[in-house]
Amino acid sequence: MSEKITVAEALVRCLEAEGIKKIFGYPGAAICPFYDKLVGSKIQHILVRHEANAGHAASGTARITGKPAVCVATSGPGATNLITAIATAYMDSIPVVIITGQVSSEQIGRDVFQEADITGAAQPFVKHSYLIKDANLVPEIVKKAFYIAGSGRPGPVLIDVPYDVQLQTIDFEYPESVELCSYKPKYEGNKLQIKRVAEAIKEAKKPLICAGGGLFSAKAGEIMRKIAETANIPVICTMMGISIIPTDHPLFMGMIGMHGRIAPNKAISECDLLILLGARVGDRAVTAIKNREDLKVIHIDIDPAEIGKNLPVSIPVVGDLRTVLTQLSEIIGTQENADWVKYLHELKNNDKRQNFISDESTNGVNPAVFIEKLNKLLPDECVISADVGQNQIWTANSIRLRGANSPSEENVSVGGRFITSGGMGTMGYSVPAAIGAKSARPEAEVIAICGDGSFQMQSMELATMVQHDINVKIIIMTNNRLGMVREVQTNNYENRLTAVFLDGSPDFIKLAEAYGIKGGYVNDEAEADTALENMLKSDKPYILQVKVDENERSIL
Amino acid sequence: MKHTISILVENNAGVLARISGLFARRGYNIHSLAVGVTDNEKISRITIVAEGSDYTLEQIEKQLNKLIDVIKVRSLSADKLLARELVLVKVACKPVQRTELIDIAEIMAAKISDVSPDSMTLELSGNQNVLTTFEELLSPYEIIEIVRTGTVALQKGSSGIRV
Ligand SMILES: Cc1ncc(C[n+]2csc(CCOP(=O)(O)OP(=O)(O)O)c2C)c(N)n1
């Protein structure tokens, strides 16, 4: 049964029909009709303090639920402010539906006040986009947007709605499903290819699984772990794959890449069979294998365009990871590989650099020691949101997430989860993403870990946390430097340090206080335990300012 | 190497921008591009001639396939290619020169599409080589303007690219 309502109201009803409970946004004149219809809706609107953070928060929610999440902005500057967030979601294949207001249809193209061609500007960073011209198509377009964002290789989808269209009345009926003749993601893997995979695993003496973020999208963490256990295959991961398997799992060897540890990087340069699962094999992750001609590579991914893009592949399999790995698990046998696993284990356990102790005497808190103290207190149900920079590397390499798992059937992640801006490396991601994660998983302890540089790109969101009572904890690794860039200058530019000093930064605890948020200082390791306990005890937002030596390294 | 790629797309607003944007963004060079509707008015067929290695071609095809509006992508094999371009050449032409130009048109099987007291416009369709020869034959004359379409192409034989 259809009924007559305005497009603005239809948009709200579409979101309700999609099961959306919270949206993140920032209003303006061009999106006012939509906001007007939020009044009285069950959907909670969380007002962020910058549009980019609405996008990041939606991304945080989407990572946790495994389903598309929604952000909203007005036309012009509101929409362009979103671009970094859209690009960040795109690079990490996160399903986000973005709704923007647009100037009235008859004004489009005239450079009127707050007009921006956002579908054009965002085009390189969206999976798809719509500029709505025909009001009657709104329900179908929203349904398509959610379907496209969340299926296949997920990604952001933008819907730009002109002001006059929002005010038009349409016959509303939300479609149950949509068909796109030009978009039919492939889920099942080719049976013959999967048989070849099983055979290759059987023949291999030193097989290795490299787990990427695609396993989260496909909710394939558990089946991957089963396969690894059955055939005794060690697992390493990319930055995006951290926490897909518990970090203390006996088969888990760590994160690869220029910032990774010895065991995973040795593993990847010495294995005879590399099984890439939902990993994009980004340039920073694969320097070690570029020249290995003898290496057999299996690549399983839902996006055929990723296979063979950065690395020659011996056995490609296109399909949904959970479906393909389930197919594989039915034909795979048990296997020994004991020497290989033992060898990697020893490497991992004997890694003296585990603690990232810098050459200089540390003036402050050793970040790895600090993270280890956090590990000891961290509840199993948690989300760690790491920013970008040294803080990200320290966290990625040292965080221990017990019972980590991918989202289950019900699309709710359980256990400890790690999230970060892997592909884009967007500073200012951790706090808004944590806000999104906490909104989706209120029962979990959600902690953002960032640097003093990146914190100042997102500190306005403290207000969002207070206003909406979002209990996110923030740890600021304070080295008074743009540490990662400082390290590059030290290593590659003869230590000519420029534009990396953060003098002028506030006392973050005083800043927090101004928002009514409590916090504490950690100036040496002795203070860490109590401070962490206080933070975790609090059922309100809480901030720790952790003093870290300016010469601390992330590359060893 | 040059590749000829046929793309069937949904006739939605912005589809051409998405496709040309993709080529630009990924550093693929477009030689020529031709677009027109098919027998189904909701579907257009785009023919793109692009330069690149086999690796590049594979990437182009895969990336094009990812665009939601793209229904089908096929690279046409060079040995079975039936490719055509159309050229219109407006040549300055005094009445005394007309017969010379008519001769050229006849030899090349070109049409004379427009004549004025001091110009003549010739029209020819054919493959690239034919068009290039034609342009060479006309080069001694004063060419007022010249316009050439992108290549449209299909594969010889009974198979076809359809939805
Ligand atoms: C938006 C954005 N701008 C610039 C950069 C480049 N960049 C990468 S790491 C980094 C320094 C980060 O400093 P800080 O947040 O203090 O963290 P630290 O490295 O000191 O832990 C910069 C500037 C980036 N990744 N993102």
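## Close-ups of a predicted model

**View 1. Chain A as a whole.** Counting up its secondary structure, chain A comes to 22 helices and 20 strands. Keep in mind that this is a predicted model. Along its principal axes, the C-alpha trace of chain A spans about 70 × 60 × 45 Å. A compact globule with 556 residues would have a radius of gyration near 24 Å, and chain A agrees, with 24 Å. Buried residues make up 56% of the 556 residues in the chain. If you look just at contacts in chain A with a separation of 6 or more, 77% of them come from residues 24 or more positions apart.

**View 2. The shell around the ligand.** Zoom in here and you'll find 18 residues around the ligand, of which A:G389, A:G451, A:G453, A:S454 and A:G483 come nearest. Three helices of chain A, α16 (390-398), α18 (452-455) and α20 (483-492), each supply at least two residues of this shell. Sorted by class, the shell has 10 polar, 6 nonpolar and 2 charged residues.

**View 3. A:D469, a non-glycine with positive phi.** Move to the loop between α19 (461-467) and β18 (472-478) of chain A, and there sits A:D469. Its phi is positive, about 55°, although A:D469 is not a glycine. Is this residue buried or exposed? A:D469 counts as exposed, because it has 10 C-beta neighbours inside 10 Å, and 12 or fewer is the cut-off for that class.

**View 4. A:N480, on the other side of β18.** Next up is the loop between β18 and α20 of chain A, where A:N480 lies. This residue isn't a glycine either, yet A:N480 has a positive phi of about 55°. With 18 C-beta neighbours inside 10 Å, A:N480 counts as partly exposed, so it misses the cut-off of 20 or more for a buried residue. The helix that follows this loop, α20, is also one of those that supply at least two residues of the ligand shell.

**View 5. Where chain A touches chain B.** How many residues does each chain bring to the contact? Chain A gives 13 residues and chain B gives 15 residues. On the side of chain A that touches chain B, the classes come out as 7 nonpolar, 5 polar and 1 charged residues.

Technical notes: Residues numbered from 1 in each chain as written. Chains lettered and ligands numbered in written order. Predicted model: local features only at pLDDT ≥ 70, side-chain atom pairs only at ≥ 80, totals over all residues. Near = placed C-beta within 6 Å. Helix = DSSP H or I, 4+ residues; strand = E, 2+ residues; numbered from the N terminus. Nonpolar A, V, L, I, M, F, W, Y, C, P; charged D, E, K, R; others polar. Contact = placed C-beta atoms within 7 Å. Rg over C-alpha atoms; globule rule 2.2 N^0.38 Å.
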